Structures are given as structure tokens and as C-alpha cells.
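Hi,

Here is the structure I said I would pass on. Have a look at it, and my notes follow underneath.

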Amino acid sequence: MFYGGGIVALALFLLWIYCIFDVISTDESLARNMPKFVWLIVVIFLPDIGSIAWLALGRPQKVGYTPGSTTLRPPRAMPRGPEDSPDFIKGLDTRSKELKDWEDDLKRREEDLKKREDGE
């Protein structure tokens, strides 16, 4: 026998209750796409579809998971490029100085070589 139907029904019921509390406790100005009162009617009379629609289309974006939360979730860690590191920027100065010294040394050697060839 399949006993999963009761678990699915319980999960949908808990989702429905969560969404009702979330709609009620959400600030009117934060509800998206429809007024808060209309969202409440949709969630109550269309439990499964209304709950999913509220989570996808009506709930404020980037807020916490507690009902009525207005605090933003912490942002995900984004990859940083090397130019964001202060050590990298400092290293550019030293690398450019080393490159300039190398170029100066190369010019000096070329000039010495050219003098030797001209002198001989």
C-alpha cells in the first residue's frame, strides 16, 4: 500500500497554513502583483495553487523565511576578482617598478652592445 498520500496532504496543509500567516503578517506595501487582501482570498480559497502562487508571485523578494519577515536575507558570497584585493593593487605597483627596472637594464645592455659593435 502507498502511505505517502497522507504525508503529501500534511505537507500541503502546513504549506497552506504557513502561507496564510505569511500573507496576513506581510506589510501591505510589500505584497507584489496584487493587493494583500486579494492574495489572502486566493490563498484561502485555492489552497495548493494559491500557496504556490503566493510564494512565487506575491511574497516580497529577498526576505527571510519567517512569516511577515521584512529583513533581507544575507547576500550569497560572490566570487571576487583579483582587482578587488588590496594586496593585488599594492603588488601592481611593485611589479610595475620591477618591470621598469628590467626595461632600463635591457636598454643599458643594448646601448653597451651597440657601442661595442660600433667601436670594433
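**What I found**

The chain has four helices and zero strands, so reading along the sequence you get the pattern α-α-α-α. Keep in mind that this is a predicted model.

**Overall shape**

The radius of gyration is 33 Å, well over the 14 Å that the globule rule gives for 120 residues, so the chain is more spread out than a compact globule. Put into a box along the principal axes, the C-alpha atoms take up roughly 100 × 45 × 20 Å. Buried residues come to 18% of the 120 residues. The accessible surface adds up to about 9800 Å², and carbon and sulfur atoms own 65% of that. As for contacts with a separation of 6 or more, 49% of them are between residues 24 or more positions apart.

**Aromatic pairs**

Searching the whole structure turns up two aromatic pairs. One is F13 with W16: the ring centres are 6.1 Å apart and the planes sit at 50°, so this pair is tilted. Both residues are in helix α1 (residues 4-25), and because they are three residues apart there, about one helical turn separates them. F13 is partly exposed, with a relative accessible area of 44%, and W16 also counts as partly exposed, at 21%.

The other pair is W39 with W54, which is edge-to-face, with 5.6 Å from centre to centre and 70° between the planes. Here the pair ties together distant parts of the chain: W39 belongs to helix α2 and W54 to helix α3 (residues 47-58), 15 residues apart. Are these two buried or exposed? W39 is buried, at 3% relative accessible area, and W54 is buried too, at 0%.

**Around S51**

Helix α3 is also home to S51. With a relative accessibility of 1%, S51 counts as buried. Which residues does S51 touch once its neighbours within four places in sequence are left aside? The contacts are L15, W16, C19, V43 and L46. W16 shows up here again, having already appeared as the ring partner of F13.

**A nonpolar patch on the surface**

F37, V38, I41, I44, F45, L46 and I49 make up a nonpolar patch on the surface, and together they have about 690 Å² of accessible area. Helix α2 (residues 36-45) is the biggest contributor, with five residues. I41 is in that helix and is partly exposed, with a relative accessible area of 34%. L46 is in the patch and is also one of the contacts of S51.

**A backbone oddity**

Most residues other than glycine have a negative phi. N33 goes the other way, with a positive phi near 70°. You will find N33 in the loop between α1 and α2, where it counts as exposed at 62% relative accessibility.

**Salt bridges**

The structure holds six salt bridges. Three of them, with their closest N and O atoms, are these:

- K97 and D101 come to 3.3 Å. Both are in helix α4 (residues 86-119), four residues apart, or about one turn of the helix. K97 counts as exposed, at 52% relative accessibility, while D101 is partly exposed, at 40%.
- D104 and K100 also have a distance of 3.3 Å. They are four residues apart in helix α4, so about one helical turn lies between them. D104 is partly exposed at 37%, and K100 is partly exposed at 46%.
- R109 and D105 are listed at 3.3 Å as well. This pair is in helix α4 too, four residues apart, about one turn of the helix. R109 is exposed, with a relative accessible area of 52%, and D105 is partly exposed, at 26%.

R109 and D105 are also part of something wider: D105, R108, R109 and D112 are linked in a network of salt bridges.

That's what I have for now.

Cheers

Technical notes. Residues numbered from 1 in each chain as written. Predicted model: local features only at pLDDT ≥ 70, side-chain atom pairs only at ≥ 80, totals over all residues. Heavy atoms only, no water. Patch = residues over 30% accessible without salt bridge, like charges linked within 9 Å, V, L, I, M, F, W, Y side chains within 5 Å. Areas by Shrake-Rupley, 256 points an atom, 1.4 Å probe, with all protein chains shown as cover. Salt bridge = Lys/Arg side-chain N within 4 Å of Asp/Glu carboxyl O. Helix = DSSP H or I, 4+ residues; strand = E, 2+ residues; numbered from the N terminus. Buried < 20%, exposed > 50% of the residue type's maximum accessible area, 1.4 Å probe, protein only. Rg over C-alpha atoms; globule rule 2.2 N^0.38 Å. Contact = heavy atoms within 4.5 Å. Phe/Tyr/Trp six-rings, centres within 6.5 Å; stacked < 30°, edge-to-face > 60°.
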